[in-house]
Each structure stands twice: as C-alpha cells, then as structure tokens.
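Trainee: Got a minute to walk through this one with me? I'd like to get a feel for how it is put together.
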Amino acid sequence: MGLRSKRYEVNDLQAAQEFYHSRNWTDGLPVVPPTPDAVQACLDWAMMPASHLVGIEPVRGRVITAEKLAVNAVMAGCLPMHFPVVVAAATAMLQEKFLLHGATASTGGCAVLVVINGPIRTELGMDGTFNALASSDRSTSVIGRSIRLILCNLLDARPGDLDRSTLGHPGKFSYCIAEDEENSFWLSLSEDRGIPKDVSAVTVMAAGSPRQIMNEWTTEPSEILDTFISEMQANMKHYSIWAGNYAIVIPPQLRSHFKASGWSKADIKRYVHTKARIHRSEWANCGKGAVVLDRGDREYTALSNEDSLLIIAAGGPAGGFGAVIPPWLGQKSAAVTVAIGACLDCGPI
Amino acid sequence: MDNDYVSHNSLKDTKVPEQQQLEDAMSLEILDPTHETDIRNFTLARRLERLHGVTIGIVSNGKIGTEPFFDALEANFVKEFDVAKVVRRSKSNYSAPADTYLMEEAKHWDAFIAGIGD
C-alpha cells in the first residue's frame, strides 16, 4: 500500500513554507517540504511499509504510522538515514511508562531528551563532543527537531493546544545528544541500561532544561559529584522535590579524574543516590515555607534507586563543565531505552 | 473568420515548451503531516431535569487549586439545590486519565463534574 497522506500542490518552495506555517504545522522554523519521493525514501531506507504501525499513544488512542513519522522527519530536515533513529525514539516515547501525553501536555514544560548510543552515531556523523547539548551536528539537530514536529502534528501538542507549558524550554526545538563513547572508559548509557554492546540504541527522557555546573578546582571524584549533587538538590528545592530520572552529563576533563581514581558508573550512581537528598524543612529557605507543615524532618531523595541516574559521557575536550538534566516531574514519566533497527516483533526494554 | 478565432485562442493558450517545463518543475506536491484521523463527534450528556435527590460526583485532577472551588460548588449543590449526595474524588495522577476504579464508581452517579486546577 502506498502513501495515504493527503496531498497538496503548491507553486514553489516559498509557497510550501507559508502553506505549512499558516496551518500551524511547523515549529516556527522553515521546513523541508515533505514530497512523496522524500517520504518514500525514508520508508525505503528503514524497510518499512507506509502503513507500518509504530505504536499507539495510550491515553488518546492515537495511531502513529511510519508514514506520518516520515513526513515529519523530512520536514525537520532528516535524511533517510536518520529515519530509523526517529522511529526508535517514537517507539520509546509511546511506551506507557513514558507517559507521553502527560509529559507533553503539562504546564511543567519539559521536552523529550534523546540520547543516541552505538555504531549509528559514527554512521550518521554524530558528535558528542563540542556543543554536545546544543547544535553539535546535523544528525542530532534534525532528529531532535523531528520529535517536536511529531508531537505537534501527530498529537496536537502545540502551544496553547494540548501543550499547556507555562514556559517550556529551548530543548523543545531539539534535544538530542550522541554519547561520546570513543572517549569514555565507561559502559555506554544504553549498555548500562541493558542493551548489548555494539547495538545502536536510543534513550528518551521527559526532561527539564539542562543546568550547567562547573568544578575545575578538584580532582576528587566525590567532590566533583558533590557539585552535580548540589544542582540536583537545588532542583528539588526550587522545582520539584519528587524522585525521578536525573541525567548528568560529564565532559572529558572531569571524566579523566574518575578514570584516574577508577570510578565506574556504578560507583557514581551509588554515591549520588546516597547523597542527593534534602529535608522538607529546606523548602523554608527558598520561599516554600508554607508547605513544610509538620513534615520538616521528612527526607526526600532525588533518585528512587541508583539506576534512576542516567550518566552520559559527552562534551568538548576542555572545560570542567557538566550538566544536570532534571526530570519533568518525579516518577510520572520513566526514561525508556530501545534498540534501533532491532527485530520489530521484539518488545522494547 | 473561424480560422482567425481559432488561431487567436491558440496563441493565447500556447506556451513556450521550456516555459511550461519550468513551471511544472517549480510546483511541489507535498504531504499532510498531521494525524488526519476522524474527529469523534461528542454529544452533550443528557441534562438532569432536577437536582433534588441526585448524586453528583466531583472529580479533581488532584491539584490543590481545585479545592476551594469545589468546596464552594459542593456547598451550593447541597444548600441551594438539595442534592442527595456529593461525592468528591481526585485522580491519583493529574497527568494521566482517571483511574479505572474511579470511572467504575462514576457509573453510579447521576452527574459527573470534572475539573482541573493548579
């Protein structure tokens, strides 16, 4: 069965832009017109029929097909080679535990963080070094952007429509990172989450904006982590006290100290889980005293368990700058990891 | 005369082949990126003829901002409209649909009011 999307004819490229913008089908930036040939090329690359059911958004029962993902991927600037990653990300987001509807509609304004692992990073020219959290390379930029267009056009998650974000954050344009596996002595994020080595994978997380930290005054791993933990504790006080998935991005300059001291990702997770805690009474120091009540002694942990922490090796070669990426809201949404291009009949992780 | 009419219109309708090719090349056929699913037609729930003696369920999304409004609403129902019972419930997750048990319970109500707060 061929493409079933409704077709329109426009005079030229400029007309195509205004056609899509006037219908609120874009993210405000120019789009690549999704011609039938371009969309079919994506489907051919991924060896998927247009009607292939990628998943169903559980809350509204919205069917998501390969064709519709491909249309939006092309609009975002994806080439056919990017499309399997887009499909994997969508598959992960549609898992019930990700709670895509809630994450997308919430006033909390999170975006979908996408982390790429495995050989596909080098195949697509992804770069997990300089500007890892910004526009580091074409592939992560367009894959991240496709997520936003998919949410807008397939789930009506447009500002003021389903998306009721008070503020949102710039990650809603594109929030995609390739882990710098070649320069890391650790297990990759996907391996740490159960994907076999050398299998490409994508991890999605409903995430707030990244909070940059800096520590260039120690070589002790515990002290470096204390800086990350301080930012996590600040998030618990300033934003949400509830435990959930946190992601931390550790650049090469800081990773070298962990390597010198022999700290694994497991060691980091154990340390952070133990120390990233606050007491409810601390809310009184940041304007939230009204809700301390008689529960000031109650302790809250940033992570419900050690594996809630996602550790990502990324960043340019110089600079003791890391990042804490907080969850949307506690455990309402769980990070999901799926293999890319794996057997379509296999259940995701 | 007929020949003149035909030749005049032929000139009007004739384009230089290269020009036609260029125009055809410039036009784009593009696809709809939206879900294009059929919109379900919602109909209004049946209106109650009276409120006297009925059971009304009020379901909050679970946020504290709903409480003062629903408190006032409940008081109004009881005092002004003499309802038999007002059932107050909250969703366990304000970012997800109502719990299944709650929807089962709602089948026993005469009216259902849902609201969101922050």
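Mentor: Sure, and keep in mind that this is a predicted model. Let's start in chain B, where three strands form an open sheet in the order β3-β2-β4, with parallel pairing.

Trainee: Which strands stand at the edges of that one?

Mentor: β3 and β4 (111–115) of chain B do. Each has a single partner strand, so one side of each is left without a neighbour in the sheet.

Trainee: And how much are neighbouring strands turned against each other?

Mentor: By 20° on average, ignoring direction.

Trainee: How many bridges are there between β2 and β3 of chain B?

Mentor: Six, with strand β2 (residues 55–60) and β3(B) running in the parallel sense. To find one by eye, take B:V59, whose bridge partner in β3(B) is B:R89.

Trainee: What packs on the sheet?

Mentor: Helix α3 (residues 66–81) of chain B, which touches β2, β3 and β4 of chain B. Its direction makes about 175° with that of β2(B).

Trainee: I keep landing on B:R88. Where is that?

Mentor: In strand β3 of chain B, which covers residues 85–90.

Trainee: Is B:R88 buried or exposed?

Mentor: In between: B:R88 counts as partly exposed, because 15 other C-beta atoms lie within 10 Å, and buried would take 20 or more.

Trainee: What does B:R88 touch, leaving out residues up to four places away in sequence?

Mentor: B:I58, B:F70 and B:E74. You can place B:I58 within the 55–60 range of β2(B), and B:F70 and B:E74 within the 66–81 range of helix α3 of chain B.

Trainee: OK, switching to chain A. What's its secondary structure?

Mentor: Eleven helices and 13 strands. The radius of gyration is 21 Å, close to the 20 Å from the globule rule for 349 residues, so chain A is as compact as a globular protein of that length.

Trainee: What box do the C-alpha atoms of chain A fill?

Mentor: Roughly 65 × 45 × 40 Å along the principal axes. As for burial, 49% of the 349 residues count as buried. Looking at contacts in chain A with a separation of 6 or more, 80% come from residues 24 or more positions apart.

Trainee: Which residues touch the most other members of the largest nonpolar core?

Mentor: A:A89, A:L113, A:V114, A:V202 and A:V204, in a core of 109 residues. In soluble globular proteins, nonpolar side chains tend to be buried together.

Trainee: Tell me about A:V204 then. What does it touch?

Mentor: Beyond its close sequence neighbours, its contacts include A:A89, A:F98, A:L113 and A:V336. A:V204 also stands opposite A:V336 in β13(A).

Trainee: How many residues of strand β6 of chain A are buried?

Mentor: Seven of the seven in β6 (residues 201–207), so that strand is largely enclosed by the rest of the structure. A:A201, A:T203, A:M205 and A:A207 point one way, while A:V202, A:V204 and A:A206 point the other way.

Trainee: Which strands does β6(A) pair with?

Mentor: Strand β4 (residues 111–117) of chain A is one, antiparallel over seven bridges, with A:V115 opposite A:T203. Strand β13 (residues 336–339) is another, antiparallel over four bridges.

Trainee: What about helix α3 of chain A, how many of its residues are buried?

Mentor: Eleven of the eleven, residues 66–76, so it is largely enclosed by the rest of the structure. Charged ones are in there too: A:E67 and A:K68 are among the buried residues. Just after α3(A), A:G77 takes a positive phi of about 105°.

Trainee: And what do those buried residues pack against?

Mentor: In chain A, α2 (36–46), β2 (53–57), β3 (62–65), α4 (83–93) and α7 (138–155), together with β1 of chain B.

Trainee: Chain B again! How many residues does the contact take from each chain?

Mentor: It takes 17 from chain B and 31 from chain A. On the chain B side, the largest share is four residues from strand β1 (residues 28–31). That side divides into seven nonpolar, six polar and four charged residues.

Trainee: What joins β1(B) to chain A?

Mentor: Four bridges, running antiparallel, to strand β1 (residues 7–10) of chain A. Look for A:R7, which stands opposite B:L31.

Terms used
Residues are numbered from 1 along each chain as its sequence is written. Chains are lettered from A and ligands numbered from 1 in the order in which they are written. This is a predicted model: local features need pLDDT of at least 70, side-chain atom pairs count only at pLDDT 80 or more; totals for chains, interfaces and linings use all residues. Helices (H or I, at least four residues) and strands (E, at least two) are DSSP runs, numbered from the N terminus. A residue is buried if 20 or more other C-beta atoms lie within 10 Å of its own, exposed if 12 or fewer, and partly exposed in between; C-beta atoms are placed from the backbone. Two residues are in contact if their C-beta atoms, placed from the backbone, lie within 7 Å. Ala, Val, Leu, Ile, Met, Phe, Trp, Tyr, Cys and Pro count as nonpolar, Asp, Glu, Lys and Arg as charged, and the others, Gly among them, as polar. Two strands pair if DSSP finds at least two bridges between them. The radius of gyration is taken over C-alpha atoms; the globule rule is 2.2 Å times the number of residues to the power 0.38. Axes are lines fitted to C-alpha atoms, for helices over the stretch in contact, and angles run from 0 to 180 degrees between N-to-C directions. A nonpolar core is a set of buried Ala, Val, Leu, Ile, Met, Phe, Trp, Tyr and Cys residues joined through C-beta atoms within 7 Å.
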